[in-house]
Amino acid sequence: MLRFLVHRLALAVPTLIIASMIIFALQQLLPGDVATALTGEERDPEVIAFIREKYHLDQPLPVRYAYWAAGVLQGDLGVSVRLQKPVSELVLEKLPVTLELACLAMLVALAIGVPMGILSAVKRGTWMDAAANGVALWGLSVPNFWLGILLILLFSVHLGWLPASGYVPPGESLIENLRSMAMPAFVLGNAIAAVMMRHTRAAMLGVLGSDYVRTARAKGVSPLRLVLRHALPNAAIPIITLGALEFGQLLSGAVLTEQVFSVPGFGKLMVDAVFNRDFATVQGVVICTAATYIALNLAADLLSAVVNPKLRRA
């Protein structure tokens with residue numbers, strides 16, 4: 001296990017380096033000039049020259065990347081040219097919001113997708129299977145922004161049960177925090193639940209048809225114990241892997257949902273940074289997201305080894 005962990009950590013370093021190089025290079029394709037945009041309408045040549053020198057914009061691309069990478073190795077992600085704040089502070093401000101939204105959305109997805117997938121596999125070919133597949137198809141087909149708007153119209157405009165937008169920190173009011181996060185969490189969790197259901201169903205069908213499950217059934221093991229004790233742990237590996245990937249996707253891909261519900265998270269920070277050519281913020285958010293993806297994949301592999309003893313021995 002230790003050798004496996006060291007091997008994965010060794011692979012993480014070049015992955016992060018390649019990801020940082022790609023995002024750094026792609027940002028140069030964005031139209032416009034950062035220094036010119038920051039000077040406003042006056043566009044004083046002296047001010048533009050000062051900004052270029054301050055942010056190393058007058059240096060070649062490899063030199064600028066070296067400056068930025070050296071700062072990252074020291075824990076400095078740079079300074080936001082738009083907000084004039086360290087990017088690390090912005091990340092620490094926005095990351096808890098997105099983490100909370102991602103955790104709540106994943107809880108919704110697990111609470112809906114996994115039980116429906118198990119039920120669909122156990123009741124294969126029945127009306128329950130058809131109903132579960134229909135719900136999964138609906139979850140995959142409905143766009144997040146459209147579902148979010150419908151939920152706002154229903155629960156905020158007509159019923160007045162939930163706030164239409166905004167975010168309340170849990171330190172101020174836990175109840176209001178959960179009320180403000182309920183709709184965006186359901187919107188994100190709904191789509192993931194559909195994917196979870198399909199993968200859980202496929203994994204459970206493969207396990208339920210195995211020899212040891214048929215042997216356990218022949219020995220008189222109760223259906224509930226058969227599913228939860230014998231089938232589910234062996235079907236959990238793809239579910240855990242998918243959950244880790246989807247959780248990472250939530251951290252970086254909740255842009256539309258955060259915009260619809262005005263949630264001040266990573267997605268909104270990224271959109272604002274791209275529109276304002278705030279390269280340092282974009283780079284900081286992307287490198288943090290890439291590191292989180294790698295950490296989640298490593299955690300999924302370790303958790304799979306805990307669930308399945310065969311992987312520990314391998």
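Let's start from the outside: the protein has an accessible surface of about 17000 Å², and carbon and sulfur atoms account for 67% of that area. Keep in mind as you look around that this is a predicted model.

Now for the fold. The protein holds 14 helices and zero strands, so if you walk along the chain from the N terminus, every step of the element order reads α, from α-α-α-α-α-α-α-α-α-α-α-α-α-α. Of the 314 residues in the protein, 37% are buried. How do the contacts spread along the sequence? Among contacts with a separation of 6 or more, 71% join residues 24 or more positions apart.

Next, step inside. The largest nonpolar core has 35 residues, and M204 and L250 are the ones with the most contacts within it. Several helices share in building this core: α5 (87-122), α8 (174-208), α9 (211-218), α10 (223-253) and α13 (279-307) each contribute at least two residues. The largest share comes from α10, which supplies twelve residues.

M204 makes a good place to pause and look around. Which residues is M204 in contact with, leaving aside its neighbours within four places in sequence? The partners are I118 and A121, together with V227, A231, L232 and A235. For orientation, I118 and A121 fall in the range of α5 (87-122), while V227, A231, L232 and A235 fall in that of α10 (223-253).

Before you leave, there is one more place to visit. A second core, separate from the one around M204 and L250, has 16 residues, including V87, L269, A280 and V285.

Conventions. Residues are numbered from 1 along each chain as its sequence is written. This is a predicted model: local features need pLDDT of at least 70, side-chain atom pairs count only at pLDDT 80 or more; totals for chains, interfaces and linings use all residues. Side-chain values use heavy atoms; hydrogens and water are left out. Helices (H or I, at least four residues) and strands (E, at least two) are DSSP runs, numbered from the N terminus. Buried means under 20% relative accessible area, exposed over 50%, partly exposed in between (1.4 Å probe, protein chains only). Contact means heavy atoms within 4.5 Å. Accessible areas come from the Shrake-Rupley method with a 1.4 Å probe; for residues, only the protein chains shown count as cover. A nonpolar core is a set of buried Ala, Val, Leu, Ile, Met, Phe, Trp, Tyr and Cys residues joined through side-chain atoms within 4.5 Å.
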